[in-house]
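Work through these exercises with the sequence and the model side by side. Try each task before you read its solution.

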Amino acid sequence: MRIDRLAARELGEFWSLREDVTVLFGQSTVLRTPWGELRLERPGALLREALHRMQLGPVSLANVVPGFPGYDVPEDEWNDASRELLGALAPLQHLIVRHIAIGASPVLSVVPLSPDATFTPPPVAPGRELRVPTSVVLRRPGHDPVLAYEGCDHRVELHGADGPRLLLHLQGSEGDFRSPLDGPLPGSVVRAARAYAVAAGMLSAVDLNGAVRL
């Protein structure tokens, strides 16, 4: 049995670097990115450790800083180490992929596409008045759904068997969508996915007639 099948079906938030970003550690830390090199002079120990882990793939930053906050934790509740690390990561938002997982299995990823990309999920998930327009949903046979449009700063990727079920929630569909493990998608995951989709610019307002306004 795969280890991710043994993990509790609860919200996980992971961080990683874009796959095309390379980190060179030395007296200064150099990030080779699609938009050129970025040099960090004497980065702190927390940032160096986070970058080391994130270049290997999605990681929980709670493994770097105990008590690292989720997207919905108010800033006045962050501990000092979390505040330091988040402040150091803020200028690197255009290089960082943010992931939502159910247990250990990523179900949604937000990939930055522009050097101007910023990503700050709102602490309160939006209500049903916002939903993903059908026009931004890209489906390719044999591939997981992707949300994107021309000129967008982020691409949202949905993963695995739970991805299409989560997409239905983002599109405003009703129902108790169940997973291959015969359990409903956790409400905390759906709320986080809606907040992430807002931050990625993929949710649009719905008018009084139920139509999505682009």
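**Exercise 1. Find the partner of Val110 in E10, then place the strands around it.**

Step 1. Val110 has Val156 as its bridge partner in E10. Strands here are DSSP runs of at least two residues (E), helices are runs of at least four (H or I), and both are numbered from the N terminus.

Step 2. Widen the view. Strand E6 (residues 105-112) and E10 run antiparallel, joined by five bridges. Two strands count as paired if DSSP finds at least two bridges between them.

Step 3. Look at E9. Two bridges join E9 to E10, again antiparallel. Here Val146 has Glu157 as its bridge partner in E10.

Before going on, note the ground rules. This is a predicted model, in which local features need pLDDT of at least 70 and side-chain atom pairs count only at pLDDT 80 or more, while totals for chains, interfaces and linings use all residues. Residues are numbered from 1 along each chain as its sequence is written, and side-chain values use heavy atoms, with hydrogens and water left out.

**Exercise 2. Sort the side chains of E10 by face.**

Step 1. Recall the rule: in a regular strand, side chains alternate between the two faces of the sheet.

Step 2. Apply it. His154, Val156 and Leu158 point to one face and are buried. Arg155 and Glu157 point to the other face and are not buried. Buried means under 20% relative accessible area, exposed means over 50%, and partly exposed lies in between (1.4 Å probe, protein chains only).

**Exercise 3. Describe the turn between E9 and E10.**

Step 1. E9 and E10 form a hairpin with six residues between them. Gly151 in the turn has a positive phi of about 85 degrees.

Step 2. Find Glu150 in the loop between strand E9 (146-147) and strand E10 (154-158). Its relative accessible area is 80%, so Glu150 is exposed.

Step 3. Check a distance. Glu150 and Val136 are 14 residues apart along the chain, and their C-alpha atoms are separated by 9.2 Å.

**Exercise 4. Build the sheet that holds E3.**

Step 1. Three strands form an open sheet in the order E2-E3-E4, with antiparallel pairing. Strand E2 (22-24) and E4 are the edges, since each pairs on one side only.

Step 2. Count the bridges. Six join strand E3 (residues 28-33) to strand E4 (residues 36-41). Among the partners in E4 are Arg39 for Val30 and Glu37 for Arg32.

Step 3. Follow the chain. E3 and E4 form a hairpin with two residues between them. In the loop between E4 and H1 sits Arg42. Its phi is near 50 degrees, a positive value in a residue other than glycine. Arg42 counts as exposed because its relative accessibility is 66%.

**Exercise 5. Which residues of H1 meet H2?**

Step 1. Leu46, Leu47, Ala50 and Met54 in H1 meet Ala81, Glu84, Leu85, Ala88 and Leu89 in H2. Contact means heavy atoms within 4.5 Å.

Step 2. Sort these residues: eight are nonpolar, none polar and one charged. Nonpolar covers Ala, Val, Leu, Ile, Met, Phe, Trp, Tyr, Cys and Pro; charged covers Asp, Glu, Lys and Arg; the others, Gly among them, are polar.

**Exercise 6. Decide where to read with care.**

Step 1. The mean pLDDT of the protein is 86, and 84% of its residues reach 70 or more. pLDDT is the predictor's confidence in each residue, from 0 to 100.

Step 2. Over residues 1-6 the pLDDT is below 50. Over residues 207-214 the pLDDT is below 50 as well.

Step 3. Where pLDDT is low, the predicted coordinates should not be read in detail.
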